[in-house]
Amino acid sequence: MSAGSKTINGRNEAIEHAKGAKNVARSHDVYVHHIDVRAVREGLSMSQEEFAIRFGFSLGTLRNWEQGRRHPHGPARVLLKVIMNDYQAVEKALATG
């Protein structure tokens, strides 16, 4: 299954779960290795404030991640991985809806 198909399947499962479906099966577990948040942000030539605003993170959280006081977990880690690999897809998704 391609990464795009996995993403679409995961999104569809999340939508069904949000609608209250009880039998939404998890097709796979997602594990994302450590992400260098500062490197991701700097790779996009954005300030901390620009990055936080554009992708919906609090500025304080972003600073904590970059300074090593905290580490992104769960959906934030996955979102950062997607931003790292295809930030335009995230921007497109955020622009629609």
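Let us start at Arg41: setting aside neighbours within four places in sequence, Arg41 is in contact with Met46, Ser47, Gln48, Phe51, Leu62 and Glu66. Keep in mind as you explore that this is a predicted model.

Where does Arg41 sit in the chain? Look for helix α2, which covers residues 37-43, and you will find Arg41 there. Is Arg41 buried or exposed? With a relative accessible area of 9%, Arg41 counts as buried, because buried means under 20%.

Now let us turn to charged side chains that pair up. How many salt bridges does a search of the whole structure find? The search finds four. We can visit some of them in turn.

Arg41 itself takes part in one: its side chain meets that of Glu42 in a salt bridge, with 3.9 Å from N to O. This fits the rule for a salt bridge, because the nitrogen has to lie within 4 Å of the carboxyl oxygen. The two partners have opposite settings to compare: Arg41 is buried at 9%, while Glu42 is partly exposed, with a relative accessible area of 48%.

Next, find Glu66, which you have already met among the contacts of Arg41. The side chain of Glu66 meets that of Arg38 in a salt bridge of 3.4 Å, N to O. This pair links distant parts of the chain: Glu66 belongs to helix α4 (residues 59-66), Arg38 belongs to helix α2, and the two are 28 residues apart. Glu66 is buried, with a relative accessible area of 10%, whereas Arg38 is partly exposed at 34%.

Put these residues together and a picture appears. Which residues are linked in a network of salt bridges? They are Arg38, Arg41, Glu42 and Glu66. So as you look at the model, you can trace this network with the buried Arg41 and the buried Glu66 as members alongside the partly exposed Arg38 and Glu42.

For one more stop, move along to Glu91 and Arg54, whose side chains meet in a salt bridge of 3.0 Å, N to O. Glu91 lies in helix α5 (residues 74-95) and Arg54 in helix α3 (residues 48-55), so this pair ties together parts that are 37 residues apart in sequence. How accessible are the two partners? Glu91 is partly exposed at 25% relative accessibility, and Arg54 is partly exposed too, with a relative accessible area of 43%.

Technical notes:
Residues are numbered from 1 along each chain as its sequence is written. This is a predicted model: local features need pLDDT of at least 70, side-chain atom pairs count only at pLDDT 80 or more; totals for chains, interfaces and linings use all residues. Side-chain values use heavy atoms; hydrogens and water are left out. Helices (H or I, at least four residues) and strands (E, at least two) are DSSP runs, numbered from the N terminus. Buried means under 20% relative accessible area, exposed over 50%, partly exposed in between (1.4 Å probe, protein chains only). Contact means heavy atoms within 4.5 Å.
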